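Trainee: Can we go through this one together? I'd like to work from the surface inward and then pick over the backbone.

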Amino acid sequence: MSEPEKKVALTTTEAGVATETSVAGGASVATEADGATQSEETEQTEAMPSKAPEEMHRRAFIYGLAAMAGCGYAAAIGYPVYRYLASPVEKAATAAAVNEISLPKADELPKGSALMFKFGTAPALLIHHADDTWSAMSAVCTHLACTVQYEADQNRIYCGCHSGVYDPKTGANVAGPPPRPLTLFKVTVHPGSVTVTRG
Amino acid sequence: MSEAKKSSWKTACYQWLDERLDLAGWLAFAKKKTVPEHKHSFWYYWGGISLFLFLVQCLTGVLLLVYFRPGPEAYESVRQITYEIHFGWLIRAAHSWSANLMIFAVMVHMFSAAFMKAYRKPREFTWWSGLALLLLSMLFGFSGYLLVWDETAYFATKVGLEIPHSLPWIGPFLADLARGGPDVSPTTLQRFFALHVVVIPAIFTPILVFHLWLVQKHGNAVPPSEEAKPKEQRKSIPFFPNFLMKDLAMWLITLNVIAILASMWPVQLGPAADPLKPAPVGIHPEWYYMSSFQVLKIFGALFPGTTGEVLGMILFTLGLVLWALLPLYDTSSQFGKRAKQATYFILFALFVLVTTTIWGYLAL
């Protein structure tokens, strides 16, 4: 690179002009680095108001590149680790996708009593009422997810955690903190078994 | 937000932290610290690489801990990690590869420190703590190997524990204590698990901190050839950011190496351990035990009964003591002097280690 070109680039640096002059704009990356060295050599004591625009661009470009590489590595490590840790969640989702369950010998359940069973991944209640009707519902309290119980003597579903009360036939939230009714399931009684269906 | 407002917010944030954590003090310290630069500087990175690999071990180890079940279900849980859980194979492979690389890096670090005579006064404790860290790393490897509970793991541990068993008087007692009975069983696995994830880390970590503190306190050692130079001819670079950036670049390379090895050559799982099945042919320990394995084999062939094993073990112990005491008897490598005898001794140790390892693999 010839000396005059360097000088032009240098003046740009000294002036701290934000707009690129035609020479500086056309200069290679090396020009601008040379210019910076030159300004130190000429003992420029005045405070540098700002760096040459190209250097700013280059710096920003390198930072951007490093940030992108960093994000790439974070994703390349984060994704397998997330999938690894989430494996049982996915497995549970598959298990929870059960829509129907057959409970063998559940038809023998005495009147005025209940059976706790696992529907998908969560506990559920099958109740044989005193009037020979049946109902089945989720046993997970809609308040803070405690498991509820059927109380035959009081004819109610009760949650021991915060005294929530539900109706044993409809699952409606009757008293206490529960915000929503328990999810009701469909019951079909067969000889030798009871089928519980979702929805 | 205007530029001025943004910077005042940044300054306020920095000041708040600085008043409490003395950030400026730390930064000034890091900038003042220098690392010597000479033709052997490359070897300075191996301590950092070892440290990085240890961190990888901690991270992948904790991840494996999420699904690993010690006891009778160990094999099944490793099978699930390897074949059922998403990316479980990758985490396990990374843990296994990084373990091997860590022992390799620690060995390179130790031999380079030896050749540079970095063990000399005042760095004796750095040498000894480093040696303790290597031995504990090998114990990490030995205890972790059994946890997989496949055929190879089972017999490797069985053979490994038969060696102390052959020691007179205390041998059987020690081996029984390690196994939790006369045989390698799920009880052994349970206690190896406790060793691997609690006991050894609890001993390893404070020694590591001590080692790093000593390195910081005494600074990087320079080889005698460099010490011989007048002060003004010696070069150094600032620790921050120059050396740190180079160190981090090495960590990045190491990370890439682990990623390539673990994804291209994931570790397999052999058939479950069965004490009633004969040992598979050609069973051998991990490469870092190959040298001692081969020496014991040679001595076993030379002497009848367990005499060979006992003699082999005495030889190991003597060798290790001699190696550990290197800083005490290598008095010739004083300031600026080259210590030829010490170099020959280190070369001899390296030669024995490499040849017996290769011999071990050839004799399989």
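Trainee: Let's start with W169(B): is W169(B) buried or exposed?
Mentor: Keep in mind that this is a predicted model. W169(B) lies in the loop between α7 (151-165) and α8 (170-179) of chain B. Its relative accessibility is 81%, and the cut-off for that class is over 50%, so W169(B) counts as exposed.

Trainee: And how much area does the nonpolar surface patch with W169(B) have?
Mentor: W169(B) shares that patch with I170(B), F173(B), L174(B) and L177(B). Put together, the five residues make a nonpolar surface patch of about 640 Å².

Trainee: Going inward, which element gives the largest share of the largest nonpolar core?
Mentor: That core has 47 residues, and among those touching the most other members are I49(B), M110(B), W127(B) and W323(B). Elements that give two or more residues to this core include α3 (45-65), α5 (88-115), α6 (124-147) and α13 (307-324) of chain B. The largest share, 12 residues, comes from α5(B).

Trainee: Which residues does M110(B) contact, leaving aside neighbours within four places in sequence?
Mentor: M110(B) is one of the members that touch the most others in the 47-residue core. With the sequence neighbours set aside, the contacts of M110(B) are W127(B), L131(B), L134(B) and W323(B).

Trainee: Now the interface: which three residues supply 54% of the area that chain A buries against chain B?
Mentor: Here 12 residues of chain A are in contact with 15 residues of chain B. The area buried between the two chains is about 1,100 Å², with 70% from carbon and sulfur atoms, and the salt bridge count between chain A and chain B is 0. On the chain A side, the 54% comes from Y73(A), P80(A) and Y84(A).

Trainee: On to the backbone. Where is P241(B), the residue after F240(B) in a cis peptide bond?
Mentor: Most peptide bonds are trans. The bond from F240(B) to P241(B) is cis, with omega near 0°. Another cis bond runs from K121(B) to P122(B), with omega near 5°, and P122(B) is in the loop between α5 and α6 of chain B. P241(B), by contrast, is placed in helix α11 of chain B.

Trainee: Last one: is F87(B) buried, partly exposed or exposed?
Mentor: F87(B) has a positive phi of about 60° although it is not a glycine, and F87(B) is in the loop between α4 (74-83) and α5 of chain B. Its relative accessibility is 23%, and buried would need under 20%. Therefore F87(B) counts as partly exposed.

Note on methods: Residues numbered from 1 in each chain as written. Chains lettered and ligands numbered in written order. Predicted model: local features only at pLDDT ≥ 70, side-chain atom pairs only at ≥ 80, totals over all residues. Heavy atoms only, no water. Core = buried A, V, L, I, M, F, W, Y, C linked by side-chain atoms within 4.5 Å. Buried < 20%, exposed > 50% of the residue type's maximum accessible area, 1.4 Å probe, protein only. Helix = DSSP H or I, 4+ residues; strand = E, 2+ residues; numbered from the N terminus. Contact = heavy atoms within 4.5 Å. Patch = residues over 30% accessible without salt bridge, like charges linked within 9 Å, V, L, I, M, F, W, Y side chains within 5 Å. Areas by Shrake-Rupley, 256 points an atom, 1.4 Å probe, with all protein chains shown as cover. Salt bridge = Lys/Arg side-chain N within 4 Å of Asp/Glu carboxyl O. Buried area = accessible area lost by both parts, 1.4 Å probe.
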